[in-house]
Each structure stands twice: as C-alpha cells, then as structure tokens.
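The following exercises concern helix packing and aromatic pairs. Each task is followed by a worked solution.

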Amino acid sequence: METVSLTEFQSKIRRVLISEEEIREAVKKAGAMIDAEYDGRPILLISILKGSFVFLADLCRAIHVPCELEFMVAKSYYQGTQSSGMVQIHMDARADLSGYHVIIVEDIVDTGRTLNDVTKLLSTRNPISLKVVTLLDKPDRRVVDFKADYSLFTIPDLFVIGYGLDCGEMYRNLPYIAEYAEDAE
C-alpha cells in the first residue's frame, strides 16, 4: 500500500455535501419511520458491503423493533465507464428469509443495476416483505427503473466519499459525505 500524506488525503475532499449532523438526524428519522412501520414485528437488515457498513451500524442503533443483521457483497462489473449490466454476488445472505420482513441497507443507489438484481434475487426467497433503504440516491445516473423505499438524501451526479463510501478503499472513515476532487494534486 502506498503511503499518503494527510495533506494529500485532505486535498481530495472538494467540499462537504452532507454534514455529520445532517446524517445523524436523517438516520434518526429513518429509524423512527421503520419502528412505526414494523410496530414491534422483527426485521432482518441486510447490508450490501462494503459501503453501507457505517450506515447500517448507525441505522440499527436508531431502530427499536427487534432486528437481526445479514451481509451481502454484490458488485457490477464495468468495462471502462460502462456497466456490463451483470451483477455478481460475492457473498450471499445466509438466513432463510421466509420468516422475515427484510430491509436491504445500501449506501448509494446509482445506476440501480445492483439493487435491482439483488431485490429480484432476494424476493425469490419469499420474505414476508422486502424493502430498500439507501443513504444516498443519485437519480441522474439511473439506467434501470429502480426506486428505494426509503432514501435519506438525493444528490447530484458527483463522485462522493465518506461515511462508508470510498475511493480506492480510502475515505470510508470520514464522518460526512463529501465530493471527491479527482483533479486535485
């Protein structure tokens, strides 16, 4: 791994789009919405790794109905800047979904391909219900007809980092969402 100076690390943060406080408040509201909808019925939160792990940690603490956690790794493969449209599951959820209200927890809905395919796959496993909550929605990039059930923030077509989102596996630890400055020296 290449060493990166703090100055170089910080130089790639163009501007903060969503503050730590704004995220905290939105997650709290999402937790209250989920509590009201499920009213004590147990739920299963499925996190799509790696990007959504920070969001999942905060969201599950904001939820007061009984909940269990599962994890999946699903990725789209790209040729250049174009998605191949193929989604590969690298790690699948292991729970029998037929007894659960399932909520997929995602960091960002971009093209929609990955979540579209993941929801189709999980719906074949007969969950009681299946919903998607995403931290960020980027509708300008959508190439398939997909809409999350809960979306905390809608953002423009920018490359973003922080709060679990990365660039080259870095910046996940930022407590806010920022625009990445690709052209910064």
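**Exercise 1.** How closely do the axes of helix 2 (residues 20-38) and helix 3 (residues 53-62) come, and at what angle do they cross? Classify the arrangement and list the residues in contact.

*Solution.* The model is a predicted one.

Step 1. The two axes come within 8 Å and cross at roughly 50 degrees.

Step 2. Angles under 35 degrees count as roughly parallel and those from 65 to 115 as roughly perpendicular; helix 2 is therefore oblique to helix 3.

Step 3. The crossing of helix 2 with helix 3 is right-handed.

Step 4. Helix 2 contributes Val27, Lys28, Ala30, Gly31, Ala32, Ile34 and Asp35, which meet Phe55, Asp58, Leu59 and Ala62 of helix 3. By class, this contact comprises seven nonpolar, one polar and three charged residues.

**Exercise 2.** Determine how many aromatic pairs the structure holds, and describe the geometry and setting of each.

*Solution.*

Step 1. There are two aromatic pairs. In one of them, Phe159 and Tyr180 lie 5.7 Å apart, centre to centre, with 65 degrees between the planes, an edge-to-face arrangement.

Step 2. Phe159 belongs to the loop between strand 7 (150-154) and strand 8 (160-161), and Tyr180 to strand 9 (residues 177-180), so this pair ties together parts 21 residues apart in sequence.

Step 3. Phe159 is partly exposed, at 39% relative accessibility, whereas Tyr180 is buried at 13%.

Step 4. For Tyr171 and Tyr180, the ring centres are 5.8 Å apart and the planes stand at 70 degrees, so this pair is also edge-to-face. Both of these tyrosines, Tyr171 and Tyr180, are buried.

Step 5. Through these ring pairs, Phe159, Tyr171 and Tyr180 are linked into a cluster.

Terms used:
Residues are numbered from 1 along each chain as its sequence is written. This is a predicted model: local features need pLDDT of at least 70, side-chain atom pairs count only at pLDDT 80 or more; totals for chains, interfaces and linings use all residues. Side-chain values use heavy atoms; hydrogens and water are left out. Rings of Phe, Tyr and Trp (its six-membered ring) pair if their centres lie within 6.5 Å; planes under 30 degrees apart count as stacked, over 60 as edge-to-face and the rest as tilted. Helices (H or I, at least four residues) and strands (E, at least two) are DSSP runs, numbered from the N terminus. Buried means under 20% relative accessible area, exposed over 50%, partly exposed in between (1.4 Å probe, protein chains only). Axes are lines fitted to C-alpha atoms, for helices over the stretch in contact, and angles run from 0 to 180 degrees between N-to-C directions. Angles under 35 degrees count as roughly parallel, over 145 as roughly antiparallel, 65 to 115 as roughly perpendicular and the rest as oblique. A crossing is left-handed if the near helix is turned anticlockwise from the far one by less than a right angle, and right-handed if clockwise. Contact means heavy atoms within 4.5 Å. Ala, Val, Leu, Ile, Met, Phe, Trp, Tyr, Cys and Pro count as nonpolar, Asp, Glu, Lys and Arg as charged, and the others, Gly among them, as polar.
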